[in-house]
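Visitor: I'm new to this one, could you walk me through it?
Guide: Gladly; here it is, and then we can take your questions in turn.
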Amino acid sequence: MPPKAPLNPFNFPRPPLLERTPRHLQIKWQDVLIADTKDAFWVLETTHPPTYYLPPSSILAPLAKSSHSSFCEWKGRATYWDIILPKKASSIEDFREGKGDKVRNRIWSYENPTDGFKPIKDYVSFYAGPWDCYVDGELVKPQPGDFYGGWVTSEIVGQVKGGPGTWGW
């Protein structure tokens with residue numbers, strides 16, 4: 001596969017762009033696949049690495065709605081989800097047993113997004129951790145800080161929002 005063109009988040013639009021992406025997205029816990037799709041959306045916003053939204057049908061592990069919510073000026077009110085991560089996972093069945101550590105509010109969706117983001121209604125986005133997230137086989141790094149949910153790949157060039165000193169960007 002040829003190398004991907006560099007992506008500079010300072011060149012991403014504001015308001016953000018929502019578009020389909022054919023990239024292969026996978027999320028794994030202890031090498032067990034908990035989400036897998038080539039039918040996702042990404043949101044590209046100035047100074048942020050891409051945030052990916054996966055269709056509900058691609059989520060293989062059970063999620064439980066959290067009472068937490070937040071508000072995005074572009075997409076609307078976000079709903080958060082919890083997941084129980086087994087201490088030792090060898091198959092997706094280990095997730096269905098409901099035994100392990102509950103990870104709260106690291107997954108979110110928009111049940112009633114604003115008009116410009118209607119296509120991601122009920123699609124799910126994951127922070128890049130504590131599980132491993134992959135884009136086309138590449139392990140991603142989380143966007144700096146603990147507020148934003150972007151995924152940083154090797155094609156991202158330049159600084160991204162989220163780390164110290166970037167709050168007011």
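Guide: One term to settle before we start: a contact here means heavy atoms within 4.5 Å. Please keep in mind as well that this is a predicted model.
Visitor: OK, so among contacts between residues at least 6 apart in sequence, what share join residues at least 24 apart?
Guide: Those that join residues at least 24 apart come to 52% of such contacts in the protein.
Visitor: And how many helices and strands does the secondary structure come to?
Guide: There is 1 helix alongside 13 strands, and along the sequence they follow the pattern β-β-β-β-β-β-β-α-β-β-β-β-β-β. The radius of gyration is 16 Å, close to the 15 Å that the globule rule gives for 169 residues, so the protein is as compact as a globular protein of that length.
Visitor: Which residues touch the most other members in the largest nonpolar core?
Guide: That core has 34 residues, and I27, I34, I83, F95, F126, W131 and W151 touch the most other members. Several strands each supply at least two of its residues, including strand 2 (25–29), strand 7 (76–85) and strand 8 (101–109).
Visitor: What does I27 touch, then?
Guide: Leaving aside residues up to four places away in sequence, I27 touches V32, L33, I34, A35, L54, F126, W131, D132, C133 and W151. Apart from the largest core lies another, of 13 residues, with Y53, F117, I120 and Y123 among them.
Visitor: Switching topic, how far apart are the mean positions of the positive and negative charges?
Guide: The mean positions of the 20 positive and 19 negative charges are 3 Å apart.

Terms used: Residues numbered from 1 in each chain as written. Predicted model: local features only at pLDDT ≥ 70, side-chain atom pairs only at ≥ 80, totals over all residues. Heavy atoms only, no water. Helix = DSSP H or I, 4+ residues; strand = E, 2+ residues; numbered from the N terminus. Rg over C-alpha atoms; globule rule 2.2 N^0.38 Å. Lys, Arg positive; Asp, Glu negative; His and termini not counted. Charge placed at Lys NZ, Arg CZ, Asp CG, Glu CD. Core = buried A, V, L, I, M, F, W, Y, C linked by side-chain atoms within 4.5 Å. Buried < 20%, exposed > 50% of the residue type's maximum accessible area, 1.4 Å probe, protein only.
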